[in-house]
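Student: I would like to take a close look at the empty spaces inside this protein. Could you walk me through them?

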Amino acid sequence: MDKVRASAAEAVADIPDGASLAVGGFGLSGIPAVLIQALHAQGATGLNVVSNNCGVDGRGLGVLLADGRIARVTGSYVGENKEFARQYLSGELEVELVPQGTLAERLRAGGAGIPAFYTPAGVGTQVARGGLPWRHAADGTVAVASPPKETRDFADRTYVLEHGITTDFALVRAWRGDRHGNLVFRKASANFNPLAAMAGRITIAEVEELVEPGELSPEAVHLPGVFVQRVVELTSAEAADKQIERRTVRA
């Protein structure tokens, strides 16, 4: 039952080339930065990443992206990463863009064992009709486009079929966690972290504060330990290292 690993390097050591990863965070809020850095040092490549966004240049998943470690991204937002745009438009990176709420539900559904669901999001657009460019050719033409999706009417309204997502591994960050893997997320870090954790077959959580089993009130637990296989305790410096994507202050 003790899921704590000695280090982030040990926790990610068996992630192979070509693995699929669900990664928590929104912008730079709640990203598992220490696990991402450990994975970068470990050297796995050809990764298939599912995350709301792909970090920014030089931070978060942007570190893996800059070294060409990511082959495919399923996400909702890519606007803060110039290297992402360059790789996508040059045909080096395959990208599946998904409506944000749909991405959240696809991760939750996968973690709950639900293979597919119907949603009105995307009906009447290329999300449903197909034709979104997943991969470009070197000359800028579309090499791979999204396929059309099944639609169905319920109560005189059209819905599109979306499939649940499961991945080989998940990397998430929590505020507090115990040795059994029960996790508590603080404020904005409770974004895609619980959903990504549910979707991973092997979920690795970095926690800012590690407590003993029984110290977390059951009512306070946001994600039960059944979804978490490995826990890494951060140092105080690692826990405090939180970047701001766009810092705005008064004059």
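How do the residues of the lining of the largest cavity divide into nonpolar, polar and charged?

Tutor: Happy to! Keep in mind that we are looking at a predicted model. In the largest cavity, the lining residues divide into 6 nonpolar and 7 polar, with no charged ones.

Let's build the picture around that space. The largest cavity holds about 60 Å³, and 13 residues line it. If you want to find it in the structure, look for I31, S51, N53, G55 and L61, the lining residues that lie nearest its centre.

This cavity has company: the structure holds 2 cavities of 30 Å³ or more. The second largest has about 40 Å³ of space. Around it you will find N53, C54, G55, Y77, V78, G79, E80, N81, F84 and E245. Look back at the names for a moment: N53 and G55 belong to this lining, and they also lie nearest the centre of the largest cavity among its lining residues. As for character, the lining of the second largest cavity divides into 4 nonpolar, 4 polar and 2 charged residues. Compare that with the largest cavity, where no charged residue takes part in the lining.

Now let's turn to the pockets. The largest pocket contains about 300 Å³ of space. Its lining is made of 17 residues, and those nearest the centre are S29, G30, S189, E208 and K242. Strand β11, residues 167-178, gives the largest share of this lining, with 3 residues. Sorted by character, the pocket lining has 6 nonpolar, 4 polar and 7 charged residues.

To finish, here is a piece of the framework you can trace. An open sheet is formed by 3 strands in the order β6-β10-β9, with antiparallel pairing. At its edges are β6 (116-119) and β9 (151-154), each pairing on one side only. From one strand to the next, the twist averages 40°. Helix α5, residues 100-111, packs on this sheet and touches β6 and β10. The direction of α5 makes about 155° with that of β6.

What holds neighbouring strands together in general? Strands of a sheet pair through backbone hydrogen bonds, either parallel or antiparallel. In this sheet, β6 and β10 (residues 157-163) run antiparallel and are joined by 4 bridges. For a spot to zoom in on, try T119, which stands opposite V160 in β10.

Note on methods
Residues numbered from 1 in each chain as written. Predicted model: local features only at pLDDT ≥ 70, side-chain atom pairs only at ≥ 80, totals over all residues. Heavy atoms only, no water. 1 Å grid on protein atoms, 1.4 Å probe; cavity = no way out; pocket = protein on both sides within 12 Å on 5 of 7 lines; lining within 4 Å. Points joined across faces, edges and corners; volume = space filled by probe spheres on them. Helix = DSSP H or I, 4+ residues; strand = E, 2+ residues; numbered from the N terminus. Nonpolar A, V, L, I, M, F, W, Y, C, P; charged D, E, K, R; others polar. Pairing = 2+ DSSP bridges. Axes fitted to C-alpha atoms, helices over the stretch in contact; angles between N-to-C directions. Contact = heavy atoms within 4.5 Å.
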